[in-house]
Amino acid sequence: MANPTREDERFMAAALRLARQHLGQTSTNPSVACLIVQDGVIVGRAVTARSGRPHAETQALAEAGERARGATAYVTLEPCSHHGKTPPCADALVASGIARVVISILDPDERVAGRGVVRLRDAGIAVDVGVLPQKGRGALEAYLTRQVSKRPHVTLKLAVSADGMIGRTGAGQLRITGPISRAQVQILRAQTDAILVGIGTATADDPELTVRLPGLEDRSPIRIVLDRRLDLSPGSKLVRSAEQTPVIVVSGESSTQSELERAGRRAALEAAGVEVLETGTVADLLTALGSRGISSLLVEGGAVAARAFLDAGLVDRIQIYTGPQTIGENGIASPFDRRSVPSGFKLVRSAQYGDDLFEEYEREN
């Protein structure tokens, strides 16, 4: 759409804000929003349900009822045109009597990929594509990465002290940033499909990696531990909570372990409800996660894990929270800090969270 109207941009911006409400909560489906607008008034609105179904369009049309006839639908992603577990949303829009559909971006899913637009236009509905497309891609970046690259979108998060450290040897969990930054990280977890740490962090910090903000506790992501030797303790918080929130331990071959020792450790973890996934490289792991419908991955803990993803060229976004304090002696050096961000990333956002400086970088390509 070459020149969208101000009204089109206003309603699409509202739809994109709504779409972010269920990020990380819609199973294998993207979090899409739909607004039904009649004479400048929103008469129906919805976002993809947290289970992934029903889709946004059918919910918004149900709310609008007869008021949908002759109205305009604003949809953040091209309506589906294929029969899956539910009928196509494009067919629901046609049946409702909608006169016009405005779409932010097309769906790269090969089952859709422009067919939704064709279905609508063949039914005589006016369709405009490309309203706030950059913001649309931002809201749907995880889904788009999985569809196009067949892997999750990867965010690397680092909390770094003023002297470039991410912790202190033997100190366990160490608070580097303040309460505002920590709350922001909790929100990020709630919007992410899976969170990953290395076994070093899992052992030293004994984290739970759940969402602890009041009201969002049920939005905890899948927890993943890079653990080649299966060293994760059955008594750790992660293992003890595996029945409530899934845990995947990613293992690989170890030349220093006997088959009997390895089998015993695996059996103990699986008995506690932990899934053990054997894979080779980081790229192999991401492919496996993408095949399960995991669209977003937060790499949150450990210099070794961070370096593994960076060296593989598989980090899409970097978030750095820089605290005001120094750690000094016995500090664990961060792979980088705000003054040495890897090449190929550009600063897209910064903020002051109390005494902490937040900076967000995106891969330039």
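This report covers the main sheet, the annotated sites and some backbone features of one predicted model.

Local features need pLDDT of at least 70 and side-chain atom pairs count only at pLDDT 80 or more, while totals for chains, interfaces and linings use all residues. Residues are numbered from 1 along each chain as its sequence is written, and side-chain values use heavy atoms, with hydrogens and water left out.

## The open sheet

Helices (H or I, at least four residues) and strands (E, at least two) are DSSP runs, numbered from the N terminus. Two strands pair if DSSP finds at least two bridges between them. In general, strands of a sheet pair through backbone hydrogen bonds, either parallel or antiparallel.

Here 9 strands build an open sheet with mixed pairing. The order is β11-β10-β9-β8-β12-β6-β13-β16-β15. β11 (275–278) and β15 (345–353) are the edge strands; each has a single partner, so one side of each lacks a neighbour in the sheet. On average, neighbouring strands are turned by 20 degrees against each other, direction ignored. Axes are lines fitted to C-alpha atoms, for helices over the stretch in contact, and angles run from 0 to 180 degrees between N-to-C directions.

Inside this order, β6 (residues 153–160) pairs with β13 (residues 317–322). The sense is parallel, over 6 bridges. T155 has R317 in β13 as its bridge partner.

Helix α12 packs on the sheet. Its contacts (heavy atoms within 4.5 Å) reach β6, β8 (194–198), β9 (222–226), β12 (296–301) and β13. The direction of α12 makes about 135 degrees with that of β12.

## The annotated binding site

UniProt positions are given in the numbering used here, feature names are shortened, and annotations may be inferred rather than shown by experiment. The unreviewed UniProt entry lists a "binding site" at A159, T201, D205, G302, A303, V304, A305, A306, R307 and A308.

Two of these positions differ in exposure under the following cut-offs: buried means under 20% relative accessible area, exposed over 50%, partly exposed in between (1.4 Å probe, protein chains only). T201 sits in helix α8 (residues 199–205). T201 is buried, because its relative accessible area is 16%. Leaving out residues up to four places away in sequence, T201 touches D206, P207, G301 and G302. V304 belongs to helix α12 (residues 303–311), and V304 is exposed at 72%.

T177 makes contact with A159, a position in the "binding site" annotation. T177 lies in the loop between β7 (165–168) and α7 (179–190). T177 is buried, with a relative accessible area of 12%. Beyond neighbours within four places in sequence, the contacts of T177 also include R182, Y321, G323 and D356.

## The annotated active site and the β1–β2 hairpin

For "active site", the unreviewed UniProt entry lists E57. E57 is in helix α2. At 4% relative accessibility, E57 counts as buried. Apart from neighbours within four places in sequence, E57 contacts C34, V75, L77, P79, C89 and L93.

β1 (residues 33–38) runs antiparallel to β2, joined by 6 bridges. A33 stands opposite V47 in β2. The two strands form a hairpin with 2 residues between them.

## Unusual backbone geometry

Most residues other than glycine have a negative phi, and most peptide bonds are trans. A cis peptide bond joins R53 and P54, with omega about 0 degrees. P54 is in the loop between β2 (41–47) and α2 (56–64). The table gives residues with a positive phi.

| Residue | Phi | Place |
|---|---|---|
| D39 | about 55 degrees | turn of the β1–β2 hairpin |
| L132 | about 50 degrees | loop between β5 (126–129) and α5 (133–139) |
| D206 | about 45 degrees | loop between α8 and β9 |

L132 is buried, with a relative accessible area of 17%. D206 is partly exposed, at 25%. D206 is also among the contacts of T201.

## Rings

Rings of Phe, Tyr and Trp (its six-membered ring) pair if their centres lie within 6.5 Å; planes under 30 degrees apart count as stacked, over 60 as edge-to-face and the rest as tilted. The count is 4 aromatic pairs. Y321, Y353 and F358 form one aromatic cluster. Y321 is also a contact of T177.

The charged end of R10 sits over the ring of F11, 4.6 Å from its centre. The rule asks for NZ of Lys or CZ of Arg within 6 Å of the ring centre and within 35 degrees of the ring normal.
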